[in-house]
Amino acid sequence: MIKIGTDVLVRTYSAGVHVGILEARNGKEVTLSNARRIWYWVGAATLSQLATDGTSNPGGCKFPCPVAEILLTEAIEIIPLTKKARQSIDSVPVWKA
């Protein structure tokens, strides 16, 4: 069981992939704080690798700014982030269009 307060990566059915701090979970509903959408990544072959190792190419990724809180209603995968991965993801510059 993944504990509340853990840094996680969440893959959803239709809202993409997000990283943040797990605040609550109720079935497929997941609330994250300090959350960033993983819009586009390079430097990791899979989401599992991204959650474990982070990205080897932070400059090539497109992660928008964090939001204070997000409710994801169709979570289908929750992977705890390692400290190494969280540091790597946090090093990705904020992507803006």
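Let's start with salt bridges: this predicted model holds five of them. I'll walk you through a few.

Take Glu 77 and Arg 11, whose side chains meet in a salt bridge at 2.7 Å, N to O. Glu 77 sits in strand β5, residues 75-80, and Arg 11 in strand β1, so this pair ties together parts that are 66 residues apart in sequence. As for exposure, Glu 77 counts as partly exposed at 24% relative accessibility, and Arg 11 is also partly exposed, at 34%.

Next, Lys 84 forms a salt bridge with Asp 53, and here the closest N and O atoms are 3.9 Å apart. Again distant parts of the chain are linked, with Lys 84 in helix α2 and Asp 53 in helix α1, 31 residues apart. Lys 84 is exposed, with a relative accessible area of 52%, while Asp 53 is partly exposed at 32%.

Now for one within a single helix. Asp 90 and Arg 86 both belong to helix α2, four residues apart, or about one turn of the helix. Their side chains meet in a salt bridge at 3.2 Å, N to O. Arg 86 is buried, with a relative accessible area of 9%, and Asp 90 is partly exposed at 45%. Salt bridges with shared partners join Asp 7, Arg 86 and Asp 90 into one network.

Please keep Asp 90 in mind, as it comes back with another arginine. Arg 36 is in strand β3, residues 29-37. Arg 36 is buried, yet has no salt bridge. Why does Asp 90 not count as a salt-bridge partner of Arg 36? Asp 90 is the nearest side chain of opposite charge but lies 5.1 Å away, and a salt bridge needs the nitrogen and the carboxyl oxygen within 4 Å, so the pair misses the cut-off.

So what does the side chain of Arg 36 reach instead? One partner is the backbone oxygen of Pro 93, at 3.5 Å. Another is the backbone oxygen of Pro 64, which lies 2.9 Å from a polar atom of the Arg 36 side chain. Beyond its neighbours within four places in sequence, Arg 36 is in contact with residues including Val 17, His 18, Phe 63, Cys 65, Ile 89 and Asp 90.

Staying with helix α2, which spans residues 83-90, let me show you Ser 88. Ser 88 is buried, at 10% relative accessible area. A polar atom of the Ser 88 side chain lies 2.8 Å from the backbone nitrogen of Thr 55. Not counting residues up to four places away in sequence, Ser 88 touches Asp 53, Gly 54 and Thr 55. You'll recognise Asp 53 as the salt-bridge partner of Lys 84.

Gly 54 also turns up among the contacts of Ala 44, along with Gln 49 and Leu 50, once neighbours within four places are set aside. Ala 44 is in the loop between β3 and α1, and counts as buried at 12% relative accessibility. How far apart are Ala 44 and Ser 88? They are 44 residues apart in sequence and 11 Å apart in space, C-alpha to C-alpha.

On to the strands. β1, residues 7-12, and β2, residues 17-26, pair in the antiparallel sense over five bridges. Within that pairing, Val 8 has Gly 20 in β2 as its bridge partner. Four residues separate the strands in this hairpin, where Gly 16 takes a positive phi near 85°.

β2 and β3 also run antiparallel, joined by seven bridges. Here Arg 25 stands opposite Val 30 in β3. Their hairpin has two residues between the strands, and Gly 27 in the turn has a positive phi of about 60°.

Most residues other than glycine have a negative phi. That makes Asn 34 worth a look: it is not a glycine, but has a positive phi of about 45°. Asn 34 lies in strand β3, and is partly exposed with a relative accessible area of 36%.

Last, the aromatics. How many aromatic pairs does a search of the whole structure find? There is one. The rings of Trp 39 and Trp 95 have centres 4.7 Å apart and planes at 20°, so the pair is stacked. Trp 39 is in the loop between β3 and α1 and Trp 95 in the segment after α2, so the pair ties together parts 56 residues apart in sequence. Trp 95 counts as partly exposed, at 30% relative accessibility.

Thanks, everyone, and I'm happy to take questions.

How values were computed: Residues are numbered from 1 along each chain as its sequence is written. This is a predicted model: local features need pLDDT of at least 70, side-chain atom pairs count only at pLDDT 80 or more; totals for chains, interfaces and linings use all residues. Side-chain values use heavy atoms; hydrogens and water are left out. Buried means under 20% relative accessible area, exposed over 50%, partly exposed in between (1.4 Å probe, protein chains only). Lys and Arg count as positive and Asp and Glu as negative; His and the chain ends are not counted. A polar contact is a pair of N or O atoms within 3.5 Å; within protein, one must be able to donate a hydrogen and the other to accept it, and residues adjacent in sequence count only if both atoms are side-chain atoms. Contact means heavy atoms within 4.5 Å. Two strands pair if DSSP finds at least two bridges between them. Rings of Phe, Tyr and Trp (its six-membered ring) pair if their centres lie within 6.5 Å; planes under 30 degrees apart count as stacked, over 60 as edge-to-face and the rest as tilted.
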